[in-house]
Amino acid sequence: MPELGCEIEDFKYNTWHVTNWRNLEKRITGPKFEVGSWEWQILLFPFGNNNLDSVSIYLDFFDPKSAPDGWHLCVQFALVLWNPEDPSHYVAHHSHHRFNAEESDWGFTRFYGLDKLFTPYENRTRPLIENDSTNITALVRVLKDPTGVLWHDYNSNMRKGYVGLNNQGATSYINSLLQSLYFTTYFRKAVYQIPTENDIPNKSVPLALQRVFYNLQTSDIPIETIELTKSFGWNSFDSFTHHDVHEFNRMLQNYLEGKMKGTKADGAITKLFSGKMKSYIKCVNQDYESSYVEDYYDIQLNVKGCKTLRDSFKNYIQKETLEDDNKYQAEGYGLQVAEKGVIFESFPPVLHLQLKRFEYDMQKNAMTKINDRYEFPIEIDLEEFLSENADRSNPHKYLLYGVIVHSGDLHEGHYFALLKPEKDGKWFKFDDGRVTPVMDSEVLDSYGGEFPDANSISAIDPTDKRSRSTNAYMLIYIRESSINEILSPVIPEDIPDHLQRRSEEERAFDFIIKIVTAEKFKYHQGFDIANFEYPISDIYTYKTTKNKTYEVFKKNISRTFKIPLEQMRFWYFVNRRNGTIRPDSPIPESYLDLSMEKIHAKITCQQNKMKLYMEVADKPIYGERWFPPIDENYHIMVFIKYFDPDKQALEGLGHLYLRKFSKVSDYTCILCEKKGFPSDTPLKIYEEVRPDTIVEMKLRSTFQQSDIQNGDIICFQKVLTEKENQEHAIAGRCWNIPHFYESLTLRIVVSFKPRWKYQNSKHEFDLILNKKWTYDQLTGVVSIHLNTDPLKLRFTTASFGTPKDDIKHTTTQTISEMFQTANLTQSAHILFYEMLDVSIVELEAKKFLKVAWLGNTVREKEVIGLCLKKNAIVSELIRKLLRKVILSSQNSKIRLFEVVNHKIQKEYTETEPIEKIQEFAKLYAEEIPQDEIFINKDDRVIQAFHFTNDPICVHGIPFKFVIKNGETLSDTKERLQYRFRMNVDDFLKIKIAIIPGTSYVKPEYLEDDDIILSEKIFSDEDYLGLDHVDKTCHVEEVGDTKKAIFIRN
């Protein structure tokens, strides 16, 4: 049996020696045996359980009636039937199951064919049953279930009042952060205090957020966040764009802080999340210190080189000595040996710690994720990291409240939150729509590092030290002395009246019913009666109020479909144990006065949406009644499908009532009549049990013996001659029903989108393809759809809705393997396509790069495409570029740099191979300014970037800028204005700020034109920030794979 990653409580096996097989009763149990302090037995149907073709064997909990109320046991087991004289001849099946009072036995109805038991079969030299005896062994592992929800369709709201948030495509970062803020109840109350009574939800961020929080409190199903993202001004493309949870947190808090000003919630963000830190330079030999104190809202801590959270804090406040050529110019003292660093003046009640798991790898020439093991404690005392003069009147002991975990790499990933909503409560995992309790061990498992099972890895490659890419990315601690206030319960008085009133009014109409009709079944080309989740499904959806009665519902549907009321009856779908969804029974007429909500709770509560089949009667039965009575002991309603091998298609022929004790052969003439065949046409008849189980029905068996019940599906076809079979095989067609159903499992719906945003969105389309198709077959189909040359198409895989990796035209991968290689975690299968000007064969032989040319300004003049040999170096790229641009001076030098998220990530030297430059990298080239070429020794070059209001809301083109020693801010502004080529009025709208590069702090805006800017810049890691509105609205073509995150409304 495979390892399931669960701790084993007990493991035992028991063998039952079965004799006199041919004379056994139809149902028999073996001797009792004990595993995990409970008694078990093997349950055997030697001649099949309601079928005549297979032996049925189950593991059975011995006495469920004597077990305590609400009992369950999680068990992994295997059942083995083997020859007692030669154990090498055996048949085995394994499974796992959550045994409980409703499901106290589990196993295999079709364990093995009866016709294969008594004779050697499948390369065996002896039969499984010899001398009328055999052995059946049960191997049973009872597994520990510390959370109580292992293999359970856990409805968290029923137990704790916690529900999840649905993922819109790539919004797990939003969901995990919102859950952490929601359970920070002080924050939730502050959000509720923002006045929103007259706002429109999809245009008001505060109101949309209030509604999300209120729904999390009151709903029993996962919540949608579409209204919230619409209030941000986002479209569906934004919802499929992967963003950083830390950036989103800063953006959201900054936005809400502005909306809270002047309201009862004013100051709540600062009170919760803001601390103070001091940056200083202190002379070693003189009594002189230059310092300033600033607010921070989170702390970014190094992971690389630090094994624990305490190590990171020590690293953060570590002093740097300025000496030798790097001495500090102290006012009034000249050059001095000095110590530079930061120290904390205070920590906030809620401490957000962002772990720096992404860094630039010089060797790989790319941003990479650090998956090193990094330990953090459940509680930590931070007093040792405070300055000498800090207030120590309150303890600085912090308790771990939450961990936001990132799984994946830079370009794709998934977030989930581990939270402890109550001080003395349990930990819960909030993974989009699913919420489950977890143990402390799972929280600590987010440390990351190498896989613990080193043996399984080294068995393949002893040098392989793979690291887990699922690890903590953001830690949330709450000060112990403040935790009762921060997590205090939300009472009804905290919730705005208008919010409750509006929500109740809307929820009354929030009841959805899916209705399957005979017409939709007729054209359904898949498993079951209909495919409710199919991307191109068009099942009729009916929206009504929860209190609307069944009688009113029927009258409305009668009017909609123009069918007399007495000629329609509705069957409700149920989720079967085998994973199928089938109609089970009609809604009783006695329910006419019940509301649809109550009916849903009574009979379909396991489904989020009610699903119904509309049965329509054409004529009355014997002129008396429209529908036969429901009595499964006599009548069974089944659905009929016909398979046409010429069309390679199924046709739904509606439903049919069968007599349970009639033989299958009794109905062949009726099936022939339904297709207009002569009544004596030979047929092959199958039951569609589930997608991977298509069973041929025996014509001499009764439907009762075939285990047919309401809602089952019978599929038939003509019996084909051997010649017809061969003709279909040669043509690549499926010739029988099992073969065709197998081909259905290979179908895949792929969504195709243009690679570049400037291409028309109308060119998005879906195609149904085969998972086993090759690249050539893929391009053939898409080129026909687009009416283009297949050699002028290029495809790119998607990661959370954005382009990831190009697919080479020489690939041997199937379509299925293309998506597996992309490590897709989404249900949608997306490929981006480009329509090329040149053949992809020619393109793939070279390296194609796009460079935005700036000239001697910081404004993009043109985007230049360059095609080079793959072994070229950067100097060759620059030479090609020089042939296409005009320089302001013959002595000008060119700088080539790469930008990630509107900041300079790397400046290239001329010797680097272009092979290391990623094809969709955002590259810029510019003339290096003269003041940088002829820089003075006391001057400093730093990076400058543009933002709007908050430094995480970046935009525009970053640049390098010289900070001249001793220059006033007024003179610096003149150089900046000239660099931008801006008029005075526009330049006056720009606010200039210093932004430390080590942690998130609010910008220090510079307003005094007489200050000396060089005295304000403490480190080469500091940035010059330019705060102004982004007025550019051009389409970015240069490697635009990551968008900055904004709230636009």
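**Domains and residues of a predicted model**

Alanine 472 is part of strand β27, which covers residues 470-479. The model discussed here is predicted.

Reader: Is alanine 472 buried or exposed?
Author: The cut-off for buried is a relative accessible area under 20%. Alanine 472 has a relative accessibility of 1%, so this residue counts as buried.

Reader: Which residues does alanine 472 touch, leaving out those up to four places away in sequence?
Author: Contact requires heavy atoms within 4.5 Å. With residues up to four places away in sequence set aside, the residues that alanine 472 touches are Leu355, Arg357, Phe376, Val403, Ile404, Val405 and Ser446.

Reader: What separates the C-alpha atoms of alanine 472 and aspartate 372?
Author: Along the chain, alanine 472 and aspartate 372 are 100 residues apart. In space, the separation of their C-alpha atoms is 10 Å.

Reader: Where is tyrosine 90 found, and is this residue buried or partly exposed?
Author: Tyrosine 90 is found in strand β7, residues 86-100. Partly exposed residues fall between the 20% limit for buried and the 50% limit for exposed. Tyrosine 90 has 45% relative accessibility and therefore counts as partly exposed.

Reader: Which residues does tyrosine 90 touch, and how far away is arginine 126?
Author: Not counting residues up to four places away in sequence, tyrosine 90 touches Val80, Leu81, Trp82, Arg124 and Leu128. Arginine 126 is 36 residues from tyrosine 90 in sequence. From C-alpha to C-alpha, the distance between tyrosine 90 and arginine 126 is 9.9 Å.

Reader: How many residues of helix α3 are buried?
Author: Helix α3 spans residues 185-192 and is mostly covered. Its buried residues are Thr185, Tyr186, Phe187, Arg188, Lys189, Ala190, Val191 and Tyr192. The count for helix α3 is eight of eight.

Reader: What area is buried between domain 1 and domain 3?
Author: Domain 1 covers 8-143 and domain 3 covers 512-741. Nine residues of domain 1 are in contact with 10 residues of domain 3. Carbon and sulfur atoms give 44% of the area buried between domain 1 and domain 3, which is about 740 Å².

Reader: How many salt bridges are there between domain 1 and domain 3?
Author: On the side of domain 1 that touches domain 3, the residues divide into two nonpolar, two polar and five charged. Across this interface of domain 1 and domain 3, zero residue pairs are found in polar contact, with both residues at pLDDT 80 or more. The number of salt bridges between domain 1 and domain 3 is zero.

Conventions
Residues numbered from 1 in each chain as written. Predicted model: local features only at pLDDT ≥ 70, side-chain atom pairs only at ≥ 80, totals over all residues. Heavy atoms only, no water. Domains from an automatic or database assignment. Buried area = accessible area lost by both parts, 1.4 Å probe. Salt bridge = Lys/Arg side-chain N within 4 Å of Asp/Glu carboxyl O. Polar contact = N/O pair within 3.5 Å; in protein donor to acceptor, adjacent residues only side chain to side chain. Nonpolar A, V, L, I, M, F, W, Y, C, P; charged D, E, K, R; others polar. Buried < 20%, exposed > 50% of the residue type's maximum accessible area, 1.4 Å probe, protein only. Helix = DSSP H or I, 4+ residues; strand = E, 2+ residues; numbered from the N terminus.
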